[in-house]
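Colleague: I would like to learn how to read a structure like this one. Could you take me through some features, one by one?

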Amino acid sequence: MNYMPGTASLIEDIDTNLVLHQTVERIHVGKKYGDIPRGIFVVRGENVVLLGEIDLEKESDTPLQQVSIEEILEEQRVEQQTKQEAEKLKVQALKERGLSVPRVDTLDEY
């Protein structure tokens, strides 16, 4: 640990990599979800913010319905398409009023 006078103590940046096995990607759409098995993941330590366990009792109390991978991916596609169509309508309405919305890829990162 490094200590700097006049400031709170700082913990030296040490990156710890994680190796996760039997990982699952969970996709939520409304009250439905689907689990996609992903296998082994290596997570770089600089990307780790929080890691915790799942409370299985609380998880079983949630009113979510598990569906097949194909069904949840189709629902996700439909939801994304609906959002894109709504965004197009919004942009068109703004254009008709003489306003413009900057595209996401042209915005600064900061």
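Colleague: Let me start with one residue: is Glu 74 buried, partly exposed or exposed?

Modeller: Gladly, and please keep in mind that this is a predicted model. The way to decide is by relative accessible area: under 20% is buried, over 50% is exposed, and partly exposed is in between. Glu 74 has 38% relative accessibility, so it counts as partly exposed.

Colleague: Which residue does the side chain of Glu 74 meet in a salt bridge?

Modeller: For a salt bridge, look for a side-chain nitrogen of Lys or Arg within 4 Å of a carboxyl oxygen of Asp or Glu. Here the partner is Arg 77, at 2.5 Å from N to O. Both residues sit in helix H2, and because they are three residues apart, about one helical turn separates them. Arg 77 is partly exposed too, with a relative accessible area of 42%.

Colleague: How many salt bridges does the whole structure have?

Modeller: A search finds five. One of them joins the side chains of Glu 25 and Arg 38, at 2.6 Å from N to O. That pair links distant parts of the chain: Glu 25 belongs to strand E1 (residues 18–29) and Arg 38 to strand E2 (residues 32–43), 13 residues apart. Glu 25 is partly exposed at 33%, and Arg 38 is partly exposed at 42%.

Colleague: Which parts does the salt bridge between Lys 32 and Glu 71 tie together?

Modeller: The side chains of Lys 32 and Glu 71 meet at 3.5 Å, N to O. Lys 32 is in strand E2 and Glu 71 in helix H2, so this pair ties together parts 39 residues apart in sequence. Lys 32 is partly exposed at 22% relative accessibility, and Glu 71 is partly exposed at 34%. Lys 32 and Glu 71 also form a network of salt bridges with Glu 75.

Colleague: What pattern does the protein chain follow along the sequence?

Modeller: Read the helices and strands in order, and you get β-β-α-β-α. That makes two helices and three strands.

Colleague: And Leu 94: where does it lie, and which residues is it in contact with beyond its neighbours within four places in sequence?

Modeller: Leu 94 lies in helix H2, which covers residues 69–96. Setting those neighbours aside, Leu 94 is in contact with Leu 99 and Val 101. Its relative accessible area is 21%, so Leu 94 is partly exposed.

Colleague: How much of the protein chain is buried?

Modeller: Buried residues make up 8% of its 110 residues. The chain exposes about 10,200 Å², and carbon and sulfur atoms supply 54% of that.

Notes:
Residues are numbered from 1 along each chain as its sequence is written. This is a predicted model: local features need pLDDT of at least 70, side-chain atom pairs count only at pLDDT 80 or more; totals for chains, interfaces and linings use all residues. Side-chain values use heavy atoms; hydrogens and water are left out. Helices (H or I, at least four residues) and strands (E, at least two) are DSSP runs, numbered from the N terminus. Buried means under 20% relative accessible area, exposed over 50%, partly exposed in between (1.4 Å probe, protein chains only). Accessible areas come from the Shrake-Rupley method with a 1.4 Å probe; for residues, only the protein chains shown count as cover. Contact means heavy atoms within 4.5 Å.
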